[in-house]
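Dear colleague,

I am passing on the structure we spoke about, and I would be glad if you could look through it alongside the notes below.

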Amino acid sequence: ERALFFDRHNKVAEAFLKAYPQLRALAWVTLSERPYKLSPNRGMPDASDLGTVISMVKANPGFMGLKFHPTIDQVPANDERVKVFLRELAKLQHPLGLQYSVLIHGAVDYGEPRQIRELAEEFPNLNFIIGHIFIDNTVEGGKDSWSRRLEAMQLARDLPNVYLETSWAPWGIILKAIEIDGSDKVIFGTDLMSGTHHEKNN
């Protein structure tokens, strides 16, 4: 009952919340047409109109915040197009008195820890979750991922409203995150099994 789920088609998430009101979800914000171009078989995501998304979150207490994928959209996490959504989300008061959260895919160029730090400091009443404890998905793959992942861990340690999510992260990275931040700052995620796609999970 404490898990968060999302689908890039928000109407799917709405339907699940209606059928299972004990669940909690994030509304996916799409800022470009790239998700459709990358995987057209999944269909075009719901239009992420500011008023529509915020109204949906406000109307349904099952929605606990927003999900952004800056890498797919090719829109930096600290871009003004992201901040307009965060400003409106920060104005809302959850009917259960809970704090709204924002999940951001942490990756090179578009979801950098420094960009997420800027958001977390500008919006202290929102929780920020760094997806994958940061991931290097460039062609070179992993060239500088350790230093950035360490930066993400330090960010979660420094700011009370920043958390880390474990999918795609190798076990050693997860254990290091728990060592630096404590287990209450590290959230189990199932986007892809932890241990990375390069390792076999026993």
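What follows is a short account of what was found, from the whole chain down to single residues.

This is a predicted model, in which local features need pLDDT of at least 70 and side-chain atom pairs count only at pLDDT 80 or more, while totals for chains, interfaces and linings use all residues. Residues are numbered from 1 along each chain as its sequence is written, and side-chain values use heavy atoms, with hydrogens and water left out.

The chain holds 8 helices and 7 strands, taken as DSSP runs numbered from the N terminus (helices H or I with at least four residues, strands E with at least two). Of its 202 residues, 49% are buried, where buried means under 20% relative accessible area, exposed over 50%, and partly exposed in between (1.4 Å probe, protein chains only). Among contacts (heavy atoms within 4.5 Å) with a separation of 6 or more, 68% come from residues 24 or more positions apart.

The largest nonpolar core (buried Ala, Val, Leu, Ile, Met, Phe, Trp, Tyr and Cys residues joined through side-chain atoms within 4.5 Å) has 45 residues, and those with the most contacts inside it are Leu66, Phe68, Leu86, Leu89, Leu126 and Phe128. Helix H5 (residues 80–91) gives the most to this core, with 5 residues. Leaving aside neighbours within four places in sequence, Leu86 is in contact with Phe68, Val102, Leu119, Phe123, Leu126 and Phe128. Phe128 itself lies in strand S5 (residues 127–135) and counts as buried because its relative accessibility is 1%; with the neighbours within four places again set aside, its contacts include Leu86, Ile104, Ile116 and Tyr163.

Glu165, in strand S6 (residues 162–165), may deserve your attention: this residue is buried yet has no salt bridge, and the nearest side chain of opposite charge, Lys67, is 7.5 Å away. A salt bridge here is a side-chain nitrogen of Lys or Arg within 4 Å of a carboxyl oxygen of Asp or Glu, and for charge Lys and Arg count as positive and Asp and Glu as negative, with His and the chain ends not counted. Not counting residues up to four places away in sequence, Glu165 touches several residues, among them Ile130, His132 and Ile187.

Finally, Phe16, in helix H1 (residues 10–19), counts as partly exposed because its relative accessibility is 41%.

With best regards
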